[in-house]
Amino acid sequence: ISILRFWERRFRRLLPAAIVTLSAIALLAPRLGPPDASGSLRFDLLSALGYGANWRFLAADQSYAALFVAPSPVQHFWSLSIEEQFYVAFPLLLAGLTILGRNRRAFVTLVLGACCAASVAMQFVVSGYDRAYYGTDTRAAEILAGAVLACLVVGRERRALAWRRTATIV
């Protein structure tokens, strides 16, 4: 498994659509949006392109609760940013856990489960709803839960097949 090839495939699949979308927003937003938004738009576009929009909106105090007041035209990139940040960090975490746990799936599953629980706990520890909403660490639980389930299910089909073969022989 090549982490670099995984990242390359992710960016080749997502980046062209993101560039087209962000280019269209860059061209149309100054003409269709509020006149005073052009200064923040530049930073919003760059953060969306770099998959850091969630942290940009948090740093700029753009509350998700005020989404309908004066939203950024790239507001929807916050969730894609969290997902891409996860896909950059997760392969490294998984590789490290696999090495550290000597390729034992139970160890990897346990640590990923603990990370998932820690992410849920962070939602109650951090200050403010926006921080809990936009934070990569507080939103990772959803994706980590899927990783834990994948660890629990992987190999199950092979064991079931081996059991059927054994039962047929007996």
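# A tour of an eight-helix model

The protein has eight helices and zero strands, and what you have open is a predicted model. Coloured by secondary structure and read along the sequence, the protein shows the pattern α-α-α-α-α-α-α-α. Of its 170 residues, 31% are buried, while the exposed surface comes to about 11200 Å², with carbon and sulfur atoms supplying 68% of that area. If you draw the contacts in the protein with a separation of 6 or more, 66% of them turn out to join residues 24 or more positions apart.

**First selection: R10**

Begin with helix α1, residues 3-32, and pick out R10, which has its place in this helix. Is R10 buried or exposed? Because its relative accessibility is 9%, below the 20% limit, R10 counts as buried. Leaving aside residues up to four places away in sequence, show the partners that R10 touches, and you will find E83, E84 and Y87.

**Second selection: the largest nonpolar core**

Next, select L22, I25, L45, A48, F57, V74 and F77, which, among the 16 residues of the largest nonpolar core, touch the most other members. Which elements give two or more residues to this core? They are α1, α2 (38-49), α3 (53-59) and α4 (77-100), and the largest share, four residues, comes from α1. Another core lies apart from this one and has 12 residues, including L97, V108, A141 and A147, which can be kept as a separate selection.

Within the larger set, centre the view on F57 and display its neighbours: not counting residues up to four places away in sequence, F57 touches D44, Q62, S72, V74, Q75, W78 and Y134.

**Third selection: α4 against α5**

Now show α4 together with helix α5, residues 105-125, whose axes come within 9 Å of one another and cross at roughly 135 degrees. Since that angle falls neither over 145 degrees nor between 65 and 115, α4 is oblique to α5. Their crossing is right-handed. To see the side of each helix that takes part, select F90, L93, L94, L97, T98 and L100 in α4, which meet F107, V108, V111 and L112 in α5.

**Fourth selection: α4 against α7**

Keep α4 on display and exchange α5 for helix α7, residues 136-153; here the axes come within 10 Å and cross at roughly 65 degrees. The crossing of α4 and α7 is right-handed. On the α4 side the residues to select are W78, I82, E83, Q85, F86 and F90, and these meet T136, R139, I143, L144 and A147 in α7. E83 has already appeared on this tour as a residue touched by R10, and F90 as one of the α4 residues that meet α5.

**Last selection: L144**

Finish on L144, which lies in helix α7. Its relative accessible area is 5%, so L144 is buried. Which residues does L144 touch, once those up to four places away in sequence are set aside? They are F86, F90, L112, C115 and C116. A distance label drawn from C-alpha to C-alpha between L144 and F90 should read 9.1 Å, although the two residues are 54 apart in sequence.

Note on methods:
Residues are numbered from 1 along each chain as its sequence is written. This is a predicted model: local features need pLDDT of at least 70, side-chain atom pairs count only at pLDDT 80 or more; totals for chains, interfaces and linings use all residues. Side-chain values use heavy atoms; hydrogens and water are left out. Buried means under 20% relative accessible area, exposed over 50%, partly exposed in between (1.4 Å probe, protein chains only). Contact means heavy atoms within 4.5 Å. A nonpolar core is a set of buried Ala, Val, Leu, Ile, Met, Phe, Trp, Tyr and Cys residues joined through side-chain atoms within 4.5 Å. Accessible areas come from the Shrake-Rupley method with a 1.4 Å probe; for residues, only the protein chains shown count as cover. Axes are lines fitted to C-alpha atoms, for helices over the stretch in contact, and angles run from 0 to 180 degrees between N-to-C directions. Angles under 35 degrees count as roughly parallel, over 145 as roughly antiparallel, 65 to 115 as roughly perpendicular and the rest as oblique. A crossing is left-handed if the near helix is turned anticlockwise from the far one by less than a right angle, and right-handed if clockwise.
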